Amino acid sequence: MYGCLHSPRPLPSTGVLLDVAREFTPRVEGLGATVLLDLHGLGRVWESPAVLGQGLLDAGQGRGLDLQAALAWTRMAALLAARGLAGLTLVPPGREGEVLAPLPLELLGLPPERQELFRRWGLQSLGDLAALPAVGLAERLGPEGARLRRMARGEDEQPLVATPRPESFECTLELEWPVDGLEPLSFLLARVLEPLCAGLRARGRRAAALALDLVLVDRRSYRRVLEPAAPSADPRTWRTLLLLDLEAHPPDEAIAKVTVRAEATPARVVQFSLLDPAQPSPERLAETLARLHEWTAAGRAGAPALVDTHRPGAFVMSSFSPGAPASVRAAAAPRVALRVFRPPLPAHVALRDGEPAFVSAAGIRGAVAERAGPWRASGDWWDVAWSREEWDVSLGPAGSYRIFRDRIKDAWFVEGEMD
Amino acid sequence: MSAPALKAALEDLLRSRRLQEDAPPLRGEDRRLRPLPTGVPAVDALLGGGLPRGELSEVHGPRSSGRTGLALSFAAACVARGSLAAWVDPADRLAPASAAATGMDLSRLLWLRGETRGPRARALPAAVAAVATLIGSGLFEAVVLDVAAFAPHDLGRLPGPTWIRLQRMIADSPGALLLLSESHVARGPRGASLELRSGGPRWSGAPGPGRVLRGLGAEVSAGRHGARRTAFELPAFV
């Protein structure tokens, strides 16, 4: 037997109707404001269909929902009866067409052009459509015509497709006595992380983020959320990451309850190549970056990325998540490197004929032996403007440097050392 | 032919034909016998192919001797083979534009920038700890520790066995640790110690307008008492 619950009024959320239905059976199919229930096997629990139907309505009432319910031996009959008839409707077996006959055609959810066609044919109700000959309908409307006629008679087209429960990856451990310190917590974390990660792996998922909720002995809650560079379903990796994080941010009281929640993401498929170097395991990479927490937390670790601007020295630090290496790789070309000073070193520069002749800055001092320049550049006048005059200078044995005059501040700086 | 036999036959073929110069080591092949090229042909010839794997090597020299250019070239050569490189920079001196100029895929370079505002004494131990973590992960083929901005007395404050411990850690790794410094600091038992001297800047022409820095000349010596020597030139990146 199938049941159907329909809410004629807008629902506060789509999940609330599914929750009502799942109180009776796990096999439910959500269809917006309607939910279908597979009630097979419940006859031994409920004394009659009428009592079961009333139970469905009462459950809705308990959640503040004014519902319409129908019970039938076909899911289509239950669906149409619940949508079209108020209160509780029981459709006896074999009399689906008779019960559905007075209901309006709109319940089939027809497209407007089809509805207009049926109106011109003089069809008003499901009974009118069900009474038409199947062959004639199929000749005029194709397979769609025969399908609509079967629906109007309350015959099923397809089996119930159960709506899966929303995935929740969560594991809680209530402790008999509070624990203090990381060492005992390490064992407890293993106990909650292993089933959690097993559940993730069973569904082909990985955890992109993990929230650790601790209830402390004074009933305060303490929450840490970790989002490593790569998703993982390895309990050892997560345990290490959590312990490293708690080492840096320990709770100030003993722990009475531990809850971990994972934010699941589909597992990443990595395709390896026979001729390429082995690529890093995402789990190991995440663990390594977590161990460098002191650097990553302050944004001082990552992959540098150049910025599309002429402003000298502009770059951003992005998170280090190397993908597969490029199939066509450019050969490395050795170049002179600039060892920059951050911020640039203020310098005193003596000029001769408008050219630098002597440079003096912290740790750098010497007469300019050779020079090239000036190279003038400016930009960002609409924002924080910069304008400079660059020189490459050699101070003999004291090294070669890039110096510049800030034309806005009218001051000299050493940008870096050529090396 | 069974699958394992077919795989073994294919690997024998790859090994004998050397279908790809920089292919990963095959089964039964000792990867430590294959050094890591620095990307500078003259230096690779001097070292017999490149820096040894599983060893602590060093590049040291005065300012503008090309030591940073050589170390960047080494990291770029590793990245070009599809591996990962790490640059531990406690003094925060690396210019990403210089790294990009070598043709390196910057997304495969992990850069650890030191905090320059705090006391300098804390920067070095933190950098050494980070190097140990990077080596221990086994993910990076090239790890460069740039201590060229630190004076010898700063380096002398590190615990005595620091470099021995790092050498022991890298010994089990297929990668190499390169120390970039102003003067000799340490090297592993089979590691290279490259001493650079400045060959002076190269300019594009006579003094005057339009003249640009063409590159830096460098002389490099290796081996006991600098017995083997060569010279190379690093082109300027802009």
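Below, a trainee and a mentor talk through a predicted model with chains A and B.

Trainee: What makes strand 1 of chain B mostly covered?

Mentor: Count its buried residues. Strand 1 spans residues 56-60, and 5 of its 5 residues are buried. A residue counts as buried if 20 or more other C-beta atoms lie within 10 Å of its own. Each of the 5 passes that test, so the strand is called mostly covered.

Trainee: Which way do its residues point?

Mentor: Leu56(B), Glu58(B) and His60(B) point one way, and Ser57(B) and Val59(B) the other way. Residues on both sides are buried. In a regular strand the side chains alternate between the two faces of the sheet.

Trainee: How do you know that strand 1 of chain B pairs with strand 5 of chain B?

Mentor: Pairing takes at least two bridges in DSSP. Strand 1 and strand 5 (residues 176-181) of chain B are joined by 5 bridges and run parallel. That meets the cut-off, so they pair. Leu56(B) stands opposite Leu177(B). Val59(B) has Leu180(B) as its bridge partner in strand 5.

Trainee: What other strand pairs with strand 1 of chain B in the parallel sense?

Mentor: Strand 6 of chain B, residues 193-203. The count there is 3 bridges. Val59(B) stands opposite Leu194(B) in strand 6.

Trainee: Why is strand 5 of chain B called largely enclosed?

Mentor: 6 of its 6 residues are buried, so the rest of the structure largely encloses it. Ala176(B), Leu178(B) and Leu180(B) point one way, and Leu177(B), Leu179(B) and Ser181(B) the other way. Strand 5 also pairs with strand 4 (residues 142-146) of chain B, in parallel, through 5 bridges. There Val143(B) stands opposite Leu177(B).

Trainee: Now chain A. What is the strand order of its open sheet of 5 strands?

Mentor: The order is 2-3-1-4-5, with mixed pairing. Strand 2 (28-31) and strand 5 (88-90) each have a single partner strand, so one side of each is left without a neighbour in the sheet. They are therefore the edges. On average, neighbouring strands are turned by 15 degrees against each other, direction ignored.

Trainee: How do you know that strand 1 and strand 3 of chain A pair?

Mentor: Strand 1 (residues 2-6) and strand 3 (residues 34-38) share 5 bridges in the antiparallel sense. At least two are needed, so the pairing holds. Cys4(A) stands opposite Leu36(A). Helix 1 (residues 14-22) of chain A packs on this sheet, touching strand 1, strand 2 and strand 3. Its direction makes about 160 degrees with that of strand 2 of chain A.

Trainee: Why are the buried residues of helix 8 of chain A said to line one face?

Mentor: In this helix, residues 143-152, the buried residues are Leu148(A), Arg149(A), Met151(A) and Ala152(A). Seen down the helix axis, they fall within an arc of 160 degrees, so they line one face. They pack against helix 3 (75-84), helix 4 (96-100), helix 6 (126-130) and helix 7 (134-141) of chain A. Just after helix 8, Gly154(A) takes a positive phi of about 80 degrees.

Trainee: At what angle do helix 9 and helix 10 of chain A pack?

Mentor: About 140 degrees, with their axes 9 Å apart. Helix 9 covers residues 182-202 and helix 10 residues 235-248. The crossing is right-handed. Leu189(A) and Leu193(A) are among the helix 9 residues in the contact, and Trp238(A) and Leu242(A) among those of helix 10. The contact residues divide into 10 nonpolar, 1 polar and 3 charged.

Trainee: How many residues of chain B are in contact with chain A?

Mentor: 60 residues of chain B are in contact with 48 residues of chain A. Contact takes C-beta atoms within 7 Å. Helix 3 of chain B gives the largest share of its side, 9 residues. That side of chain B divides into 33 nonpolar, 17 polar and 10 charged residues.

Trainee: What makes strand 10 of chain A and strand 3 of chain B a pair?

Mentor: Strand 10 (residues 301-306) of chain A is joined to strand 3 of chain B by 2 bridges. The cut-off is at least two, so they pair. The two strands run antiparallel. Ala301(A) has Leu112(B) as its bridge partner.

Conventions: Residues numbered from 1 in each chain as written. Chains lettered and ligands numbered in written order. Predicted model: local features only at pLDDT ≥ 70, side-chain atom pairs only at ≥ 80, totals over all residues. Buried ≥ 20, exposed ≤ 12 C-beta atoms within 10 Å, placed from the backbone. Helix = DSSP H or I, 4+ residues; strand = E, 2+ residues; numbered from the N terminus. Axes fitted to C-alpha atoms, helices over the stretch in contact; angles between N-to-C directions. Contact = placed C-beta atoms within 7 Å. Left-handed = near helix turned anticlockwise from the far one by under 90°. Nonpolar A, V, L, I, M, F, W, Y, C, P; charged D, E, K, R; others polar. Arc of directions from axis to C-beta.
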